[in-house]
Amino acid sequence: MPMAEPVRLLVVCLGNICRSPMAEGALRHRLAEAGLDHVDVDSAGTGDWHVGQAPDARAIATAARYGVDLETLRGRQLAPADYTDFDWLLCADLQNLADVRARRPAAATAGIALLTDWAGTRLGDGAIPDPYTGDDTHFEAVWQVVDAAALGAVRRLRGGRD
Ligand code: 4NP
């Protein structure tokens, strides 16, 4: 079988310490499990408050319950180069989507979408609510949504649409 072209996915949220690192971890886990090793995954925030920081302790603890290690991830801010370095910028909520679209450089080549739309797992408005000011139940709910999206990503990428 010919080697598949790499697919590069960047998940984007606001702080890059809760939703997008959890989605990054879930995607890495489900893609590895499915043997889709031609897919690269990273995450970034539209904001810069948590650059260089590890994910929120509640995000780390939630992912760890599902066997996914987020401890080595570090926050970074969305950069202009991301619009050409990645194939898809996959946003956690509608504000993230609006911000990512508004910052789009003229040379951008990446597709921009809501993560749950892209993955075919949208429920309601498709947004992943920000759990930062919430409690453990909010982080657990985020995990369920990002893990469902990760399984949707496997289905989409297996189908060869990207
Ligand atoms: P995230 O959550 O966007 O899912 O990483 C947030 C984390 C931090 C902040 C906002 C949202 N903050 O304002 O510092």
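Okay, before anything else, one definition: when I say two strands pair, I mean DSSP finds at least two bridges between them. Also keep in mind that this is a predicted model.

Let's start in the sheet, with strand β3, residues 88-91. Its pairing with strand β4, residues 111-114, is parallel and runs over 4 bridges. Within that pair, cysteine 91 sits opposite leucine 114 of β4. How does the chain get from β3 to β4? It goes through helix α4, residues 94-102, and this β-α-β crossover is right-handed.

β3 also has a partner in strand β1, residues 7-13: those two run parallel as well, joined by 4 bridges. Here valine 12 is what stands opposite cysteine 91.

So, are the faces of β3 covered or open? Remember that side chains in a regular strand alternate between the two faces of the sheet. In β3, Trp88 and Leu90 are on one side, Leu89 and Cys91 are on the other, and all of them are buried.

Now over to helix α1, residues 19-33. A quick sanity check on its length: 15 residues at 1.5 Å each should span 21 Å, and the end C-alpha atoms are indeed 21 Å apart, so that agrees.

This helix is mostly covered, with 11 of its 15 residues buried. Among them are Met22, Ala26, Leu27 and Leu31, but also Arg19, Glu24 and Arg30. And what's doing the covering? The list includes strands β1 and β2 (39-45), plus helices α2 (57-65), α4, α5 (115-119) and α6 (136-158).

Last bit: after α1 comes glycine 35, with a positive phi near 75°.

Definitions and conventions
Residues are numbered from 1 along each chain as its sequence is written. This is a predicted model: local features need pLDDT of at least 70, side-chain atom pairs count only at pLDDT 80 or more; totals for chains, interfaces and linings use all residues. Side-chain values use heavy atoms; hydrogens and water are left out. Buried means under 20% relative accessible area, exposed over 50%, partly exposed in between (1.4 Å probe, protein chains only). A crossover is right-handed if, with the strands pointing away from the viewer, the path from the first strand over the helix to the second runs clockwise. The expected span of a helix is 1.5 Å times one less than its number of residues. Contact means heavy atoms within 4.5 Å.
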